[in-house]
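Trainee: Hey, can we look at this one together? I'd like some help reading it.
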Amino acid sequence: MLQTKLIALLPDLASFILVVNEGSFTAAAKQLGVTPSALSKLITRLEKALSVKLFERSTRTLHITQAGQQIYDQCLVMINAAEQAVELSRRDHREPTGSLTVAAPEAFLNSVLQPFVVPFLQQYPHIDLKLRAADGNIELFRHSIDVAFKLTDKPDENLVLKELCKTNLVLCAAPEYLAQRGTPQHPTALREHDCLYLAENAKDHIWDFLKDDEFHTVAISGRYAVNQSQMRLNGVKHGLGIGIFHDFVVQDLLACGDVVQVLPDWTIKSNYHGAVAMQYPQTKYMPARLRVFIDFVIEHVQPKLQAKDSIHA
């Protein structure tokens with residue numbers, strides 16, 4: 001495609017991104033200040049120019065096609081590059097300004113990042129911070145995320161990686177519960193106890209334990225299940241049973257004795273273990289707002305995470 005024709009398509013590609021992000025022609029048209037029908041014609045024109053169908057449309061739904069998703073991912077790279085160009089063109093581009101979107105698992109967001117939000121915003125009054133709770137796989141480009149925290153032993157190889165600390169899962173209970181029901185000495189003993197679990201899928205009540213070459217899969221049960229870590233932790237603190245948490249969630253409670261670790265010699269296997277990874281796209285010109293956020297995390301958040309390793313030292 002000739003460069004002149006490509007340049008002419010850039011506004012249409014930007015509008016296409018907005019339609020995908022908003023999920024409808026009506027919402028995107030409102031953002032652009034045009035009518036939905038005009039925007040629909042623009043997308044049709046873009047589909048003709050690219051010789052590809054971008055959306056499956058009906059009177060009530062709008063679904064992006066597989067080819068449309070691939071084009072969308074590339075368009076995001078284009079938009080990010082444009083944002084960097086604008087950033088560099090400003091006289092005060094070194095001043096931390098603009099919007100920053102950060103994604104993290106709910107437990108990490110609530111237990112670790114939350115206390116640092118106010119100090120960060122106070123220190124950088126021209127940054128708008130958007131936090132998203134996102135468990136599981138986090139796709140930065142697709143969801144317009146600047147930086148993501150992941151609990152994984154398999155970080156994204158296409159992103160810059162800063163490992164903040166190692167993280168483990170901890171089985172714990174309130175001292176009062178253990179005094180009443182006894183302390184399990186082996187994973188299989190958990191079958192006789194009340195356990196708190198996520199209940200997000202059919203296998204959440206199946207817990208895996210490993211010690212040396214010994215492996216056990218235990219089907220647990222209990223009266224209380226919730227997929228929100230602080231609510232589950234509150235249940236454990238009030239003696240409802242035994243629960244599994246990341247070490248950074250319970251580090252303060254373990255240190256003061258409000259909860260006690262159970263089966264400390266056993267490793268709990270899960271999809272969310274390994275390291276706390278902070279990841280962001282590789283870029284030659286990093287926006288100042290992203291740079292100061294990364295530096296802030298390393299200076300203030302990382303020491304708190306690493307402090308958990310000294311609890312049982």
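Mentor: Sure. One term before we start: the angle between a helix and a strand is taken between their N-to-C directions and runs from 0 to 180 degrees. And keep in mind that this is a predicted model.

Trainee: Okay, so which strands does helix 8 lie across?

Mentor: Helix 8, residues 247–256, lies across strand 7, strand 11 and strand 12. Relative to strand 11, the helix runs at about 115 degrees.

Trainee: And what's the strand order in that open sheet?

Mentor: The order is 8-11-7-12, and the pairing is mixed. Strand 8 (195–196) and strand 12 (260–261) are the edges, each pairing on one side only.

Trainee: Which other helix packs on the sheet?

Mentor: Helix 7, residues 229–237, touches strand 7, strand 8 and strand 11. Its direction makes about 140 degrees with that of strand 11.

Trainee: Do strands 7 and 12 pair parallel or antiparallel?

Mentor: Antiparallel, over two bridges. Ala-173 stands opposite Val-260 of strand 12 there.

Trainee: New topic: where is Asp-135?

Mentor: Asp-135 sits in the loop between strand 4 (127–133) and strand 5 (147–152).

Trainee: What does Asp-135 touch, leaving out residues up to four places away in sequence?

Mentor: Pro-105 and Glu-106. A polar atom of the Asp-135 side chain lies 3.4 Å from the backbone nitrogen of Glu-106.

Trainee: Last one: what does UniProt place at residues 10–65?

Mentor: An unreviewed UniProt entry lists "domain: HTH lysR-type" there. In the model, that span is 64% helix and 11% strand, and its end C-alpha atoms lie 20 Å apart.

Notes:
Residues numbered from 1 in each chain as written. Predicted model: local features only at pLDDT ≥ 70, side-chain atom pairs only at ≥ 80, totals over all residues. Heavy atoms only, no water. Pairing = 2+ DSSP bridges. Helix = DSSP H or I, 4+ residues; strand = E, 2+ residues; numbered from the N terminus. Contact = heavy atoms within 4.5 Å. UniProt positions renumbered as here; feature names shortened; annotations may be inferred. Polar contact = N/O pair within 3.5 Å; in protein donor to acceptor, adjacent residues only side chain to side chain.
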